[in-house]
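Please follow the account below with the sequence and the coordinates at hand. It proceeds from one residue to the surrounding helix, and then to aromatic rings, charges and cysteines.

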Amino acid sequence: MSEKKRRLHIVPMDKLGTEKRADDAWRLHKPGSIIQVMEEDERTRLFRTDSKVSLRVRIWSAEIVQFVWYVWHVPADDFSYAIDPENPFEAIPPHDWARDESGWTLRTQALRVHIRKSDAHIHIEDPQGQTLYADEQGFACRETILTGLSEWQLRAQAPKRAGYHGLGDKAGRLNLRGQRFTNWNTDTFMYGAETDPMYKTIPFFIQVTDKVASGFFLDNTFQSWFDFDSRRKGFIEVRTAGGPFSWFFIGGPAWLDVCRRYALLTGRAPLPPFWALGFHQCRWSYFPESRVREVAETFRQLDIPCDAIWLDIDYMDGYRCFTWNLDYFPDPKGMIQWLRDRGFHTIVMIDPGIRIDEQYFVFQHGTDHDVWCKRTNGEWMIGPVWPPDCVFPDFTNPRVRQWWGALYRELYVLQGVDGFWNDMNEPAVFKVNSKTFPENVAHDYDGHPTDHRKAHNVYGQQMSRATFEGLRQLKPQQRPFVLTRATFAGGQRYAAVWTGDNVASWEHLAIALRQMLRLSVSGFSFAGSDIGGFAGQPDGELMVRWLQLGVFHPLFRVHSIGNNTDGDAARENGMPVLPPPEKRMDREPWAWGEPWTSHARAAIRLRYRLLPYFYTLFYRHHQDGTPVLWPLAACWPTDATAVRTEEAFLLGPHLLAWPVLRKGQKTKTIHLPEGKWYHLQTGRAFGPGTHRMRVHMHTIPVFAKAGSVLPLHPVRNHTSEPLPDVPSLRIFPGSSDQPCAWYEDEGDGYGYRQGLYRLARFEQRQSPEGVVLTQEIEGQFRPAWDWVRLEWVLPAAARPSLVVDGQTVPLSRQAGEGIWTGRVPADFRQAICTFATTSP
């Protein structure tokens, strides 16, 4: 069903209940006057009204309150796939309830929540009296005889100055205001900026008004619609196709506070293996084995770093998941070991559609264990994906998830595959307009039986959960790496994500930037786009610019349709046929020749220099949910230019990047927010404001904030290779309100949970003696190096001297740059750099 058609039955709330349908009777449910208040437990109160509507209010923390609207029946519990079972909100926060003639008020240290007696309208303020949320018309639900309780709706006020951000990987403008969106996981090949819905459902957004941020999370898996004042009438509307209508208010007041609390509620992402932050090379498809070896050998011959090679569906035997095409890959284990010996990890695709074939062990075993989705009449849900007839596991059944996880044993344990890529799991079905299952497919829903209307948006999430939990059980000592295309809020606990089948165009380069920022603030920091575009063919300039942007995206992966795979010219009996080599549309970094190969190599090498900084950001993300990528508006909500900016972003608190997003661009006008900034490559200092800069093909403008201490690695060809030199700490003099740290551990496994890590914290201050840098270290991990190189970014005419823990350390200047370096013990406690400037 098209988006236009899907929206036709949605009636504006002020018209709801006034229209008539010839084939159905209807009624409108709205909360009436509150007639009873029940204290269900210390944190929960249930408000019953004189209509059929009830409201449950539950306190999670001083800043987080849940509101659940019910019609007719009030269940004993509110089951959720989104909320992390291990969330840290077990303790009941201090709070009290007060009642007056107008209604009831819940008071916490951070919020004042008022429930109006006459109509159960909700109004939320901070302790200073600033309104954070207010119902406009509030809650309503439509019921019909044919569809039941089918339209649940909430209308809230949209302050004139408010901006809205989030909702995952939507492709349009960053500020959601004035736009409307649908959440229904959909296979959207070659999507555009206006395409909606898309692959993921992350019904969470941040409202920012006058520097104060708050969050709204809809914990409802049905199809949903969000309207951010698209009619400019001063309200937002949230609608769902089923209930109950459960939503969370998440207080700030800072933007990043909201992001962290949302992540604590829905789950912090696991710490990824270190290698997964390196460069990944993928295409549809690399085969046969000789082609895989050719690609791997060329990376090493050209000294272009790479840590992973991916195999798309054509590695399988006729698209049978968990199998190999032995004509193309006669010795999978041997090939994987050959790749590992050269520093490459192997990642393969696994889809949910299982080919119906009586001789196929997965189909046989799944049939014997009754794992396939069924229609409500008991028939299997059968549909075409890559095989012409597929059945699909019901991943909402815990027994099925356990069965699925065990299927990875041969690939993961016996053959040595290191990661898995769950695709087509919206779930996608070919040859039907809806692109997915019909509504009458039944699901277990973890013991809460339902149909596909409710289970659709969590199908991909639960598939990646089954994969992640299976891998963790098969190799408890190894961190799983899983990538998924479709997911739901909370899915960050199980898998990284990418943005699906994009296009090789400059427009999509800008879309990729927006999608990464949206995903990051929506809980999914480990994300990436198909660098270079999945469909179409980029020229060398576009490919290099996309790589330069991708350097700063957490998942750094090239992927493409190739020439519709190495074997897309024809498919006979489900098997691809290789086209001649001259027709292949390659995406390897060397595919365009010089000078593009050198520019691509330089971009990828920069990523490998930044890996310790990335890993430190991911450690913090894993610990407290702080996003890895930040929009400028998250830090400077009163800087109008920063708030409007969609072409720049922060990588953590210390690096600001302005990628080049237009073909042939020679100069770029950039905006730097308040404070002092240093050009990352040259060390040149800049003040706040607008600057016009020349841009070159070999780099993009990247700046470090004054006060930053940036851990860097020397370049190597893969993360398993010993470092060729000691790491560096690049020091940008100044003061910072953000913590500077460097986190290290074994790079895999879970020893860090028992203290086997090293966390160095740095602090800079100015003194009459110069710049004083102090270091405090915790943890028991001992890295392979005993020394580090301090790199001081100083004025070009500086004449510095360095004293470390009372000992003078000689300094040398990097050629052509204002960067002075000195080699010091890795566990130093204090370094004092004094410098005077002389006329050149």
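His452 has a relative accessible area of 1%, and it therefore counts as buried, the limit being under 20%. The model from which this value is computed is a predicted one. His452 belongs to helix 8. When neighbours within four places in sequence are set aside, the contacts of His452 are Trp184, Pro427, Thr436, Phe437, Pro438, Glu439, Val441 and His443.

The helix that holds His452 may be considered next. Helix 8 spans residues 452–474 and has a kink of about 50°, centred on Val458. Burial extends to much of this element: of the 23 residues in helix 8, 17 are buried, and the helix is thus mostly covered. At its start, the backbone nitrogen of Arg453 has a side-chain oxygen of Asp451 within 3.1 Å.

Aromatic rings form a further theme. How many aromatic pairs does the structure hold? The number is 66. In one of them, Phe79 and Tyr81 meet edge-to-face, with 4.8 Å from centre to centre and 80° between the planes. The angle is over 60 degrees, which is why the pair is classed as edge-to-face. The two partners differ in burial class: Phe79, with a relative accessibility of 32%, is partly exposed, whereas Tyr81, with 4%, is buried.

Trp386 and Phe430 make another edge-to-face pair, in which the ring centres are 5.1 Å apart and the planes enclose 85°. This pair joins distant parts of the chain, as its members are 44 residues apart. Trp386 lies in the loop between strand 23 (374–375) and strand 24 (390–391), while Phe430 is located in the loop between strand 25 (419–422) and strand 26 (441–443). Trp386 is partly exposed, at a relative accessible area of 27%, and Phe430 is likewise partly exposed, at 23%.

Aromatic rings also meet charged side chains. Arg155 is placed over the face of Phe235, 3.7 Å from the centre of the ring. In a further case, the ring of Trp310 has the charged end of Arg557 above it, at 4.6 Å from the ring centre.

The cysteines come next. A disulfide is a covalent bond that joins the sulfur atoms of two cysteines. How many disulfides does the structure hold? The count is zero. Cys373 takes part in no disulfide, and the nearest cysteine sulfur, belonging to Cys390, is 12 Å away. A disulfide requires sulfur atoms within 2.5 Å, so this separation does not qualify. Cys373 is buried, its relative accessible area being 0%. Cys390 is in no disulfide either; for Cys390 the nearest cysteine sulfur is that of Cys321, at 8.2 Å. Cys390 also counts as buried, with 0% relative accessibility.

One last residue concerns the overall extent of the chain. Asp77 occurs in the loop between strand 5 (64–71) and strand 6 (96–100). Is Asp77 buried or partly exposed? With a relative accessibility of 45%, Asp77 is partly exposed, because this value falls between the limits of 20% and 50%. From the C-alpha of Asp77 to that of Ala836 the distance in space is 68 Å, and the two residues are 759 residues apart in sequence.

Methods. Residues numbered from 1 in each chain as written. Predicted model: local features only at pLDDT ≥ 70, side-chain atom pairs only at ≥ 80, totals over all residues. Heavy atoms only, no water. Phe/Tyr/Trp six-rings, centres within 6.5 Å; stacked < 30°, edge-to-face > 60°. Buried < 20%, exposed > 50% of the residue type's maximum accessible area, 1.4 Å probe, protein only. Helix = DSSP H or I, 4+ residues; strand = E, 2+ residues; numbered from the N terminus. Lys NZ or Arg CZ within 6 Å of the ring centre and 35° of its normal. Bend = angle between axes of the 7 residues up to and from the residue. Polar contact = N/O pair within 3.5 Å; in protein donor to acceptor, adjacent residues only side chain to side chain. Contact = heavy atoms within 4.5 Å.
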